[in-house]
Amino acid sequence: MTSDLHVRIYPGQPLLAQLIDNIVVLSFEIQAVFADRYGELSWRADLNDPAAFWFEREPAAVFRPHFIGSSSGFSNTWLWAWHNINDYPEAVVATATSARALGEQLGCAELTTAQQSLDAGERGEAGLDTVQQADQSLVFAAAALSALPVPAYYRAPTGEGSFAWFLLDNPDEFSLPPASAVPTAAAITQAVASGYLRDARTAVEAYAERRDGVEISDDGDALLVSANDGELRLEFDAEGRLSRLAGTAE
């Protein structure tokens, strides 16, 4: 397990799936708030130094962009931003580059293959994890490895079914509200229902470590998750799947 990266990684288990477990609950909570605030707005970006990404409103909602990669609707492939064919400033692709460095250290082909198919069959033939929505999964991995406290992502449409994927950062513009039991329960249940999770218990533990205002404790076969206004009790089966969630909230 690595603590300096604030991720839970265990030997002998697929790295990409573990990285997703480390971020997906928090990501569902972030994206619910983010989409409600910016989902209907048009986007613009200037990735020259100093790079900026903004949503068009008055005043503009401006973020520091972390370009993670792009998915092509034409070739059905993913291209990591660290490949940097457009020669963007290093700061713009630094998060993607860090993901590649960990992939090289731990032998994770998904993080070190510059261009890869998004088709599950072709990924399997190439020795890559056949996770669902591979482009989304790779963005989850980059978010898990980022130092951003609130790694909101945005899938920016670029035409013909293609997208540029960013992590966006500006604490003055966007942050999460104080932790609350109801949104926490919603994020957990949505993450479980999404199909991205491999180990729900690990995912909840990782969420509690990252989310300000959330505390966690063991209660035998269950976890108690406390927020500012209530407490959740989560029970898991032997394979780490969530079997029951109950709680109280003010």
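Let me start with the largest nonpolar core, which has 78 residues; among its members, Phe 34, Phe 55 and Trp 80 touch the most others. The largest share of this core, 11 residues, comes from helix α1, residues 15-38. Keep in mind that this is a predicted model.

Take Phe 55. Not counting residues up to four places away in sequence, Phe 55 touches Phe 34 and Tyr 38, then Leu 41, Ser 42 and Trp 43. On the same basis, its list goes on with Ala 60, Ala 61, Phe 63, Tyr 154 and Leu 168.

Back to helix α1, which also holds Ser 27. Is Ser 27 buried or exposed? Its relative accessibility is 5%, and the cut-off for buried is under 20%, so Ser 27 counts as buried. Leaving aside neighbours within four places in sequence, Ser 27 is in contact with Phe 140 and Tyr 153.

Next, helix α2, residues 90-106. With 17 residues at 1.5 Å each, α2 should span 24 Å, and its end C-alpha atoms are 23 Å apart, which agrees. There is a kink in α2 all the same, of about 35°, centred on Ala 96. Ala 96 is also one of the buried residues of this helix, along with Val 92, Val 93, Thr 95, Ala 99, Leu 102 and Gly 103.

What covers those buried residues? The cover includes three strands, β3 (61-72), β4 (77-80) and β7 (162-169), and two helices, α3 (109-112) and α5 (134-145). After α2 comes Gly 107, with a positive phi near 75°.

Definitions and conventions. Residues are numbered from 1 along each chain as its sequence is written. This is a predicted model: local features need pLDDT of at least 70, side-chain atom pairs count only at pLDDT 80 or more; totals for chains, interfaces and linings use all residues. Side-chain values use heavy atoms; hydrogens and water are left out. A nonpolar core is a set of buried Ala, Val, Leu, Ile, Met, Phe, Trp, Tyr and Cys residues joined through side-chain atoms within 4.5 Å. Buried means under 20% relative accessible area, exposed over 50%, partly exposed in between (1.4 Å probe, protein chains only). Helices (H or I, at least four residues) and strands (E, at least two) are DSSP runs, numbered from the N terminus. Contact means heavy atoms within 4.5 Å. The expected span of a helix is 1.5 Å times one less than its number of residues. The bend at a residue is the angle between axes fitted to the seven residues ending there and the seven starting there.
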